[in-house]
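Ready to practise reading a protein structure? Work through the exercises below with the model open beside you, and try each task before you look at the solution.

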Amino acid sequence: MVCIGSRRGASLARVVPLVLFCLALCATAGHGFDYTYEDDFSTDQAMTDSHDHSVFVTSIPDPWPLTGFLIYEHDVPGDRALAFYNGTLHDSDARLVYAMPLESVGQLVSSGSLEFDIVWEISQDMGLVRVWTASLGLIGVGGNEGHYVFDVSPTQPVEQLLIIIKAHYVRIDNLLVNLEYSTPVESSTWSTIKGIFRSETGPA
Ligand SMILES: [Ca+2]
């Protein structure tokens, strides 16, 4: 009996630091994101990465088109940003639509955020950005220069999160999408912890 108790005590002495280490890992994982997407618009990646978009043009069309359009333009410091222009039709803002993550990884998205900068209003007091998601509808509006953060978390976990940006007379830059999946890191880590504990404290 004494012998068994000592061995079990020794096992616990080995397990406790291990559990503490795993808990530390959980805490670290909780501060990260499962998926991150960035675009500083220095490349044309929005053309291929976006799920859907208005036409990209290289200069202001003449005559002005009926529907919205997108142009890569340089803001004041010379850094490239993406400019949104509306067409002449009613509600014809340029659109940029993302399905995130870009490639399904067999995980469900449970929460997410969208960030970007409005770096230059093309026309004072006329700039407008609106952001929708498939499950929430319209979730935010912006217009003035500044940094914007939108909570795009779906109402229930989805394989891909559809984010719709519609805007006119603004240039946006530094787009950032952060996602977290519904399979919690904590649950898989706890299974590992329980497995380790069983193997260390089980019958010899
Ligand atoms: Ca840029």
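**Exercise 1. Get your bearings**

Task: Work out what share of the contacts with a separation of 6 or more comes from residues 24 or more positions apart in the protein chain.

Solution: Keep in mind that you're looking at a predicted model. In the protein chain, 73% of the contacts with a separation of 6 or more link residues 24 or more positions apart. Next, go through the secondary structure: there are 3 helices and 12 strands. Finally, check burial: 23% of the 204 residues are buried.

**Exercise 2. Follow one strand and its partners**

Task: Find out how many residues of strand β5 are buried, and which strands β5 pairs with.

Solution: Start with β5 itself, residues 80–85. Of its 6 residues, 5 are buried, so call it mostly covered, given the cut-off of 20 or more other C-beta atoms within 10 Å. Now look for partners. One is strand β4 (residues 69–74), which runs antiparallel to β5 and shares 6 bridges with it. To see where they meet, find Phe69, which sits opposite Tyr85. Another partner is strand β12 (residues 170–181), also antiparallel, with 3 bridges to β5. Here you can use Ala83 as your marker: its bridge partner in β12 is Arg171.

**Exercise 3. Put a sheet in order**

Task: Write down the strand order of the open sheet of 5 strands, and say which strands lie at its edges.

Solution: Reading across, the order is β2-β6-β11-β8-β9, and the pairing is antiparallel. The edge strands are β2 (52–53) and β9 (137–142), since each of them pairs on one side only. Now walk across the sheet. β2 is joined to β6 by 2 bridges, and His53 stands opposite Leu96 there. Further along, β11 and β8 share 6 bridges; look for Arg130, whose bridge partner in β11 is Lys166. At the far end, β8 and β9 are held by 5 bridges, with Val131 facing Gly140. These two strands also make a hairpin, with 3 residues between them.

**Exercise 4. Two faces of one strand**

Task: Sort the residues of β8 into a covered face and an uncovered face.

Solution: First, recall the general pattern: side chains in a regular strand alternate between the two faces of the sheet. Then apply that to β8. Val129, Val131 and Thr133 belong to the covered face, while Leu128, Arg130 and Trp132 belong to the uncovered one.

**Exercise 5. Look into the core**

Task: Name the residues with the most contacts inside the largest nonpolar core.

Solution: This core has 31 residues, and the best-connected ones are Leu70, Phe84, Val129, Ile163, Val170 and Ile172. Where do the core residues come from? At least two each are supplied by β4, β5, β6 (94–100), β7 (109–121), β8 (128–133), β11 (161–168) and β12. Now zoom in on Ile163. Skipping its neighbours within four places in sequence, its contacts include Val97, Leu114, Val131 and Val152. In soluble globular proteins, nonpolar side chains tend to be buried together.

**Exercise 6. Classify one residue**

Task: Decide whether Glu115 is buried, exposed or partly exposed.

Solution: Locate Glu115 in strand β7. Count the other C-beta atoms within 10 Å: there are 14. Buried needs 20 or more, and exposed needs 12 or fewer, so Glu115 is partly exposed. Then check its contacts beyond four places in sequence: His147, Tyr148, Val149 and Leu176. As a last step, find Glu38, which is 77 residues away in sequence but 9.5 Å away in space, C-alpha to C-alpha.

Definitions and conventions
Residues are numbered from 1 along each chain as its sequence is written. This is a predicted model: local features need pLDDT of at least 70, side-chain atom pairs count only at pLDDT 80 or more; totals for chains, interfaces and linings use all residues. Helices (H or I, at least four residues) and strands (E, at least two) are DSSP runs, numbered from the N terminus. Two strands pair if DSSP finds at least two bridges between them. A nonpolar core is a set of buried Ala, Val, Leu, Ile, Met, Phe, Trp, Tyr and Cys residues joined through C-beta atoms within 7 Å. Two residues are in contact if their C-beta atoms, placed from the backbone, lie within 7 Å.
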